[in-house]
Amino acid sequence: TIERVQRADSRPLLVRFRWYVEGESPVHFGYGGDSAMRIFSQYGFVETSTNEWDLLWTMVPQWENMAVTTGTQYYKPRPWQIHNHCLALKNNEGMAGTKESQWKHVWKMQLRYGEEEFDFMPETLILPDDLAKIRRLLHKSPSPWILKPTIGKRAIGVEIISNKKQLPNLHAADMAGKRFIMQKYITDPLLVQGRKFHMRLYMVLTSLSPLRVLIHNEGLVLFAVSNYSSDANSFADTRVHLTNSAVADRNNAQSVLNGWLLSRLWAHLVGQLGQAAVTKVQRDIDDAFIKLALSAQLESGGFEDRRSGSCFDLFGVDVLIDRYHKPHVMEVNVGPEVLSPDPSSHEANERAHQAVLKDLIPLAAKTWTPVSVKRSFKARLLQFKETHHVTECPPNTFILETDKCLTSHDIEDLWRIHRETEMLGNFRRLYPVPSTASGYTQFFHSGLDQRNYLAVKWANAFYANT
């Protein structure tokens with residue numbers, strides 16, 4: 001059959017928020033309780049605390065916890081089950097881990113393929129590991145760096161440091177268990193109406209093998225509370241330099257600039273910079289996001305072993321544009337906020353979150369599939385086989401022989417790509433599409449395997465205008 005995700009029974013769809021570790025529970029309002037069910041119930045979901053879930057929706061990945069709980073080294077969800085994380089934490093060393101581990105993955109790509117190819121994140125140092133180096137840098141050139149806890153939210157513990165005298169409490173011996181990153185501070189950000197801002201963009205990995213990367217066309221724009229100043233005396237003022245919405249909340253700043261939808265920002269920037277400049281910024285962001293996804297590869301090549309269709313990853317990626325129109329990825333949020341506890345006080349937040357979830361749930365959670373999508377897939381599959389002179393492989397065909405035939409797993413992969421494309425909503429595919437399919441092959445550590453090669457062929461055949 002085309003789709004092997006149907007359960008035999010007709011019970012309601014079940015969503016589980018409870019983690020797979022005794023005593024652990026969701027610690028964020030967007031991952032359980034009434035605020036979450038307010039969204040999921042619209043799609044027919046009923047909450048469960050059992051292992052019979054259709055969708056496991058948690059703030060952090062549960063692969064290691066599920067494996068411990070079920071007694072299997074690699075937990076394999078049943079065919080209809082989907083987890084909202086593909087990447088594992090790996091003791092916070094994976095791409096889905098901390099700000100530190102995310103930077104290390106990008107840094108390793110810089111070492112492997114050249115810094116100029118992966119220069120979308122500001123220079124970053126790790127504390128306490130690089131404490132001596134940062135002291136030397138601040139002594140030699142007292143330029144600003146931004147200090148962030150490697151695990152944290154809502155701008156807690158974030159500050160700007162511009163000289164070594166501001167590091168009195170950062171002694172390696174006193175930092176047991178405490179980890180920080182220090183990013184080179186961008187002192188010349190692009191401003192809107194005099195204020196610094198950053199964009200929260202939503203990237204989704206719907207598959208690791210073959211790799212599929214999407215971006216949502218809507219997003220959130222967050223502004224600093226006060227007008228920007230590059231004067232060193234202003235660095236301690238979080239209202240000037242930090243654009244996290246928590247800063248505005250703590251200052252009771254309900255400014256009209258406190259939050260915009262991304263679509264409003266793009267329209268504003270077209271008037272401020274011109275369409276050509278905005279288009280280039282958007283293309284540079286697309287490039288950064290594809291390379292960010294590729295940074296999740298294992299050093300030996302390939303990605304984590306997940307059965308295709310069993311998971312997806314939603315990332316909230318914070319991007320800042322400088323005055324020269326270069327976008328910088330500031331951090332990647334795994335399990336980003338997608339539900340607002342008080343929608344009336346954060347209208348832009350709520351509208352952006354609703355837009356993303358409205359498209360994400362039917363796309364990734366496989367809640368339903370129109371009959372027309374199944375019919376169009378059968379027609380395209382027939383066309384693909386005729387154009388490329390391939391047939392369907394007999395059972396148990398050896399993998400190296402599949403250049404002339406399609407295995408059942410190949411057809412499942414093609415079906416998922418087709419279904420996803422037909423149900424994108426306001427998502428846009430970044431990879432693979434014809435414009436990106438060949439340009440990023442060089443960044444696959446082991447080259448394109450059979451599954452990625454087939455996905456690229458399918459994209460080239462049918463998505464020329466995507």
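This passage describes the fold of one protein chain, from its overall make-up to selected helices, residues and backbone features.

The structure is a predicted model, in which local features need pLDDT of at least 70 and side-chain atom pairs count only at pLDDT 80 or more, whereas totals for chains, interfaces and linings use all residues. Residues are numbered from 1 along each chain as its sequence is written, and side-chain values use heavy atoms, with hydrogens and water left out.

The protein chain holds 13 helices and 18 strands, where helices (H or I, at least four residues) and strands (E, at least two) are DSSP runs numbered from the N terminus. Of its 466 residues, 55% count as buried, a term for under 20% relative accessible area, with exposed meaning over 50% and partly exposed the range in between (1.4 Å probe, protein chains only). When contacts (heavy atoms within 4.5 Å) are taken between residues at least 6 apart in sequence, 73% of them join residues at least 24 apart.

Helix α11 (residues 408–422) has 15 residues, and its end C-alpha atoms are 21 Å apart, which agrees with the 21 Å expected at 1.5 Å a residue, the expected span being 1.5 Å times one less than the number of residues. This helix is mostly covered, with 12 of its 15 residues buried, among them D410, I411, W415 and R419.

Two helix pairs illustrate the packing. The axes of α7 (residues 262–273) and α8 (residues 275–294) come within 7 Å and cross at roughly 130°; axes here are lines fitted to C-alpha atoms, for helices over the stretch in contact, and angles run from 0 to 180 degrees between N-to-C directions. The two helices are therefore oblique to each other, given that angles under 35 degrees count as roughly parallel, over 145 as roughly antiparallel, 65 to 115 as roughly perpendicular and the rest as oblique. W266, L269, V270 and L273 of α7 make this contact with Q275, A277, V278, V281, Q282 and I285 of α8, and by class it has 8 nonpolar, 2 polar and no charged residues. In this scheme Ala, Val, Leu, Ile, Met, Phe, Trp, Tyr, Cys and Pro are nonpolar, Asp, Glu, Lys and Arg are charged, and the others, Gly among them, are polar. Helices α10 (residues 371–388) and α13 (residues 450–462) pack at an angle of about 100° with their axes 11 Å apart, which makes α10 roughly perpendicular to α13. Their contact has 7 nonpolar, 2 polar and 2 charged residues.

Among the strand residues, L211 in β11 (residues 211–216) is buried at 0% relative accessibility. Leaving aside residues up to four places away in sequence, L211 touches L294, F303, Y431, P432, F444 and N452, and its C-alpha atom lies 9.8 Å from that of V456, although the two residues are 245 residues apart in sequence.

Most residues other than glycine have a negative phi, and most peptide bonds are trans. A cis peptide bond nevertheless joins S209 and P210, with omega about 0°, and P210 lies in the loop between β10 (195–208) and β11. Another cis peptide bond joins L127 and P128, with omega about 10°. Phi of H389 is near 55°, a positive value in a residue other than glycine; H389, in the loop between α10 and β16 (391–392), is exposed with a relative accessible area of 67%.
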